[in-house]
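User: I would like to go through this model and ask, for each label that is put on it, what the label rests on.

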Amino acid sequence: MRPAINSFHKTFCVMALLSITSCDGQQSVFTDLGPVSSQITLLMWIMFIGAALITVFICVLMAVSIAGPTGWRQKLTTEKNIIWGGIVFPVVTLTALLIYGFMVFKAGGTLAQAENPVRISVVGEQWWWRVIYRHGDGRITESANELRIPTGRPIEIELSTADVIHSFWIPAYAGKVDMIPGRTNLLHFVADKPGIVTGQCAEYCGGAHALMSFYTVAMTPSDYDAWLAKERANAKPALDSQGEQVFLSSGCGGCHTVRGTQANGKIGPDLTHAGSRQSLGAGILPNTTEGFAKWISQHKTIKPDNLMPPFDIFSESELQSLSAYLNSLE
Ligand code: HEC
Ligand SMILES: [Cu+2]
């Protein structure tokens, strides 16, 4: 058990470090890469600075009422001051904030009326993301654990869940929206410029919740169109047929799809272009041949509780060719 705990700790420490360094933009509430998140950040600053000023003011009043000159203390207790300071002021500020809050709540509202938004469905699954790109012709392309979006175009994300409540959150673009069983919620935003940020499940959803992350890649519209055409295509024929053979004969295809092969399972993430994503295992491992080998041989310790069965059956060379094959699926 020891090595297992150690490697879990290692992952945990790396995650903790990442979350500290994340203040420079990857996944920070202070980063605004679109109009919806700027409005939310402004609301946050107004609330924070307002609350800080009021707290300081209350502390001064308290100090005066405890240790101030008698004249000042008497003034504090007049009926007029109680009514203005204790009733009128809170009612006015809280009502103003409530109205302002409702306005920010609708931040994506005008975007919701946009014609022809980019439509993408994201389904929360314990503990990964199913991502479905909806094409203009009504067809779909399924992918996983990464969101790609074009800049400057209104984005509409349809959020649902396959199991329990999850919450979809990319702080750089918009507020969190819950994924609730039996419902479809819509999230609207725009990405101002190309870049890569991360998002995270923001509602506790069971064991591996903290390891349910994902990358979002914003691209110029022409790059996006080119990428989507590539994503839509089937997997290229494998250069290394041994790796593909191991994949197809080990039961992986019962849960995973690689379009263009016999693997058409729907239980786990689509792997048709798995090698071209930013990360593996919902944002927790680097997308390299070693990363795939690590996932396949150690995923139960790297991401405890995840629902892929353990596979300790491969020889070193089988694992190597299987990983190289998956990494070649670009
Ligand atoms: C019983 C179903 C099942 C089988 C069989 C299965 N997997 Fe998985 N696999 C999953 C699930 C579920 C996940 C998502 C785990 C998570 O991140 O929580 C997953 C995740 C993965 C990922 C990470 C995908 C990503 O988007 O980053 C890879 C790679 C992978 N599996 C490879 C394999 C290989 C190779 C095999 C065969 C040796 C295999 N799987 C067999 C269910 C399965
Ligand atoms: Cu969660």
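Analyst: In this predicted model, the rule finds 10 residue pairs in polar contact across the interface of domain 3 and domain 4, both residues at pLDDT 80 or more. Strand E2 (128-134), strand E3 (140-144), strand E4 (146-150), strand E10 (213-219) and helix H6 (221-232) each supply at least two residues of the side of domain 3 that touches domain 4.

User: What makes the residues of that side of domain 3 nonpolar, polar or charged, and how many fall in each class?

Analyst: They divide into 10 nonpolar, six polar and eight charged; the charged class holds Asp, Glu, Lys and Arg, and Gly counts as polar.

User: How many salt bridges does the rule find across this interface?

Analyst: The rule finds zero, and because a salt bridge requires a side-chain nitrogen of Lys or Arg within 4 Å of a carboxyl oxygen of Asp or Glu, the conclusion is that no pair across the interface of domain 3 and domain 4 meets that rule.

User: Why is the pairing of His-256 with ligand 1 called a polar contact?

Analyst: An N or O atom in the side chain of His-256 is 2.7 Å from a nitrogen atom of ligand 1, and the cut-off is 3.5 Å, so the pair qualifies.

User: What makes Trp-295 count as well?

Analyst: Its side chain places an N or O atom 3.4 Å from a nitrogen atom of ligand 1, which is within 3.5 Å and therefore a polar contact.

Notes: Residues are numbered from 1 along each chain as its sequence is written. Chains are lettered from A and ligands numbered from 1 in the order in which they are written. This is a predicted model: local features need pLDDT of at least 70, side-chain atom pairs count only at pLDDT 80 or more; totals for chains, interfaces and linings use all residues. Side-chain values use heavy atoms; hydrogens and water are left out. A polar contact is a pair of N or O atoms within 3.5 Å; within protein, one must be able to donate a hydrogen and the other to accept it, and residues adjacent in sequence count only if both atoms are side-chain atoms. Helices (H or I, at least four residues) and strands (E, at least two) are DSSP runs, numbered from the N terminus.
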